[in-house]
Amino acid sequence: MRFGIQILPREVILDTQGRAVEQILLANKMQISHCRVGRYVEVEVPFKNEAEALKEVQKMTEFVLVNPLIEVYKVSRLPEVNP
Amino acid sequence: MKIGITRFPGTNCDYDIWTFVKELGHQPQWLWHQDHFDPKEVEAVIIPGGFSYGDYLRSGALAARSPVMTSVRDFAGTGRPVLGICNGFQILCEAHLLPGALLRNESLKFQDEWAELEVENPNSFSERTSRSAKNFHCP
């Protein structure tokens with residue numbers, strides 16, 4: 001079962017990467033009002049039951065993938081890849 | 001005394017610390033990232049800097065969850081000193097042995113300046129090392 005984990009810096013945290021990207025886009029006359037840069041992680045877990053799989057994915061996300069002091073995350077189920 | 005020095009893939013200046021510990025008349029001992037150690041085995045632990053695990057994910061995040069750090073946590077729990085230098089400090093923050101998290105500089109520029117650190121705990125390891133009473137001038 002595949003899941004995608006979207007990780008973004010907390011709103012209260014100054015996102016220096018997002019700001020740097022935003023400045024370059026503005027300098028190139030792109031229309032942008034705000035930009036945030038995060039991380040995207042895809043995992044595949046050996047479960048048949050979605051609730052159990054989600055629990056495991058949340059466990060690993062909180063164990064190492066995010067630092068709750070500075071980041072927030074969202075998990076979403078991804079379609080299976082046909083072999 | 002016996003001083004443990006942790007080694008992760010990407011650790012650097014570990015030999016400098018080894019030499020420093022020996023020159024002070026102590027006995028250095030490597031602590032490999034994949035191994036646990038007996039907290040009674042050493043009297044202090046030093047976590048050198050560098051780019052542990054290639055700084056992947058977040059600096060220090062992967063190292064903080066490696067087997068050796070489980071032992072460092074047990075060791076710190078006994079009240080004995082742990083020194084984290086540079087990336088070692090980041091590892092200690094990620095391991096929640098130190099409070100807070102590190103963020104990139106607001107300016108995105110490399111900053112190199114002297115800082116005046118206030119000694120919060122007069123019994124801490126760093127204070128004894130610096131031998132100063134109130135402040136600690138640090139590069």
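Trainee: How many Å² do chain B and chain A bury between them?

Mentor: The size of an interface is often given as the accessible area lost when the parts come together. Here chain B and chain A bury about 1300 Å², 64% of it on carbon and sulfur atoms; buried area is the accessible area (1.4 Å probe) that two parts lose on being put together, summed over both. In chain B, Leu57(B), Arg58(B) and Arg65(B) lose the most area to chain A, together 41% of what that side buries. Please note that this is a predicted model, in which local features need pLDDT of at least 70 and side-chain atom pairs count only at pLDDT 80 or more, while totals for chains, interfaces and linings use all residues. Residues are numbered from 1 along each chain as its sequence is written, and side-chain values use heavy atoms, without hydrogens and water.

Trainee: Which side chains meet in a salt bridge?

Mentor: Those of Arg58(B) and Glu71(A), at 3.6 Å, N to O. The term asks for a side-chain nitrogen of Lys or Arg within 4 Å of a carboxyl oxygen of Asp or Glu.

Trainee: Now the helix: which residues of H1(B) are buried?

Mentor: An α-helix has 3.6 residues a turn, so residues three or four places apart point the same way. In H1 of chain B (residues 14-23; a DSSP run of H or I, at least four residues, numbered from the N terminus), the buried ones are Asp14(B), Ile17(B) and Val21(B). Seen down the helix axis, they fall within an arc of 60° (taken from the directions from the axis to the C-beta atoms), so they line one face of H1(B). Buried means under 20% relative accessible area, exposed over 50% (1.4 Å probe, protein chains only).

Trainee: What does the face turned away carry?

Mentor: That face of H1(B) carries the exposed residues Tyr15(B), Asp16(B), Lys22(B) and Glu23(B).

Key
Chains lettered and ligands numbered in written order. Helix = DSSP H or I, 4+ residues; strand = E, 2+ residues; numbered from the N terminus.
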